[in-house]
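Colleague: Got a minute to walk me through this fold? I'd like to know what sits inside and what the surface offers.

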Amino acid sequence: MARQFLTSKDVPFCKGCSHAGIALNTEAALQKLGVEPLDVVIVTDIGCHGIIDKFLTTHTVHGLHGRSIAIAAGIRMGLADPEKKVIVFVGDGGATIGLKHIIAAAHRNIDMTVVVHNNMLYGMTGGQPSDLTPAGFRTPTMAEGDTGIGFDLCGLVKSAGAAYVSRIVGSGDFSGQLAEAFRMPGFSLVEIVEICPSYGVRENPGVKLSNIAEKMGLTPMESIRPDAKSFRVRRKEAPVSLLDGLDVLSSSSRSALDRKFRIVLGGSAGEGVQVATRLFAEAAVRCGLHVTTKGNYPVTVGVGYSCSEIILSPERILSTVVRSPDALVVVSPDGMEFCRRYLEQLEGEFYLDESISVGEAARTAPRAKPFRKRAGPRRAALFALMVLLADSDVFPLEEYAEVIRHSKLGEGVAVDDLVGGARELASGRGK
């Protein structure tokens, strides 16, 4: 059988691991249904099973541990075409971490399939037991055998209202059961019982897949609710575009910039660094430039540093990384502490508030300016960018001033005074 959904039959799992069988049986099941690879979305999770991603020709999404079911539910509800298949690969660890997501998706009967790779332990992190580990099953961290009773996952999902639930032993050809789950409208879950060749076999001598169901109480089962109605999102006949109603920025001036220009602006949180950056970016767009901005500040938001990386370019910007800025502008000690990382690679201009001591030699000597003294702490970042524009040909200073005037910030700022002060400092006349 030619591969359609896998790039190779040599999938990257340990020898003897049933994860490989699940991947190959998924291939066979999808071929039985006659679907195309790009009509399938497979969402994976943290765990050994998740390394199948790069071998799939379908759409793939790799989620956080236990969150793959929630991601898949969102994908399904966002798809207008009900014929698209949404499948989740998850381990027993991820299934119990995300158990609430599974129960909720089953209860709503969201049209998706969850394939649980249940090898009864955490195989990627050393073989710890999971909440699906049955009583008596030994793991490296529980050599005497799990003394608890693992969840009956299929029983929980069945009681939640899923359209299809089955538990099978992960050996041989079980593509028919997978095809049935993939075909079923509504929520379906297939729990595939496995044994990890690296930890499970070693810790449980004599236990084989052929007798694991009987010995561990994981009995194969199947439950079908043919009358179950799958969840559907109510869609508006004429959905409103998110772009409707947005102001289109018109170009009133043109920038003479003929290359990328990278700026790093550092200051203190709560002193308007990000606002100054946003207005600066808007002005640059009005001058016909492509712009990216990237803010960095601590979770406390109002305390500590605040930094922005800005890239301006006459051409499309394909990377937002700034390593060697063309201009480093720092207006507070907090900002200087954070921006020291740029000093070694700085080759452009270095604008620094006169109250700050660098404390170490920089490749470019700082140009000390009274940003805070002339504009105040909350306007220092705004004013410093004005000085940068007055001192260069990046784009006209008046465009930045005009954007500020028409912003909410402009109501409380003496913009003309700041423009005049910026031109004085740039010329060297101001103090």
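Modeller: Sure, let's go through a strand, a helix, the empty spaces and two odd backbone spots. Keep in mind that this is a predicted model.

Colleague: Okay, start with β3. How many of its seven residues are buried?

Modeller: Seven of the seven, taking residues 85-91 as the strand. That is why I'd call β3 largely enclosed by the rest of the structure.

Colleague: Which way do the side chains go from β3?

Modeller: Lys85, Ile87, Phe89 and Gly91 point one way, while Val86, Val88 and Val90 point the other way. Both sets are buried, Lys85 included.

Colleague: And which strand does β1 run parallel to?

Modeller: β1, residues 40-44, runs parallel to β3, with four bridges joining them. If you want a landmark there, isoleucine 42 stands opposite isoleucine 87.

Colleague: What about β3 and β4, parallel or antiparallel?

Modeller: Parallel, over five bridges, with β4 covering residues 112-118. Isoleucine 87 turns up again in that pairing, standing opposite threonine 113 of β4.

Colleague: Switching topic: how many cavities of 30 Å³ or more are there in the whole structure?

Modeller: One. It holds about 50 Å³ of space.

Colleague: Which residues line that cavity?

Modeller: Phe5, Leu6, Ala23, Thr26, Glu27, Leu30, Ile42, Leu56 and Phe89. So you'll meet Ile42 again, the β1 residue opposite isoleucine 87, and Phe89, which belongs to β3.

Colleague: Which helix gives the largest share of the lining?

Modeller: Helix α1, residues 18-33, with four residues. By class, the lining has seven nonpolar residues, one polar and one charged.

Colleague: Now the open side. How much space is in the largest pocket?

Modeller: About 230 Å³. There are 19 lining residues, and Pro82, Lys85, Asp111, Phe182 and Arg183 are the closest to the pocket's centre.

Colleague: Which elements supply at least two residues each to that lining?

Modeller: β3, β4 and α6 do. The class split is nine nonpolar, three polar and seven charged.

Colleague: You mentioned α6. Which of its residues are buried?

Modeller: Ser175, Leu178, Ala179, Ala181 and Phe182, in a helix that spans 175-183. Looking down the axis of α6, those buried residues fall within an arc of 160 degrees, so they line one face of the helix.

Colleague: And what covers the buried residues of α6?

Modeller: The cover includes α1, β3, β4, β5 (164-169) and β6 (187-193). Phe182 is worth finding on screen, being buried in α6 and also among the residues closest to the centre of the largest pocket.

Colleague: Last thing, the backbone. What is the phi of asparagine 109?

Modeller: Positive, about 60 degrees, although asparagine 109 is not a glycine. You'll find asparagine 109 in the loop between α4 (99-108) and β4.

Colleague: Is asparagine 109 buried or exposed?

Modeller: Buried: its relative accessibility is 3%, and the cut-off is under 20%.

Colleague: Where is methionine 120, and what is its phi?

Modeller: Methionine 120 is in the loop between β4 and α5 (153-160). Its phi is near 70 degrees, again a positive value in a residue other than glycine. At 0% relative accessibility, methionine 120 counts as buried too.

Conventions:
Residues numbered from 1 in each chain as written. Predicted model: local features only at pLDDT ≥ 70, side-chain atom pairs only at ≥ 80, totals over all residues. Heavy atoms only, no water. Buried < 20%, exposed > 50% of the residue type's maximum accessible area, 1.4 Å probe, protein only. Pairing = 2+ DSSP bridges. 1 Å grid on protein atoms, 1.4 Å probe; cavity = no way out; pocket = protein on both sides within 12 Å on 5 of 7 lines; lining within 4 Å. Points joined across faces, edges and corners; volume = space filled by probe spheres on them. Nonpolar A, V, L, I, M, F, W, Y, C, P; charged D, E, K, R; others polar. Arc of directions from axis to C-beta. Contact = heavy atoms within 4.5 Å.
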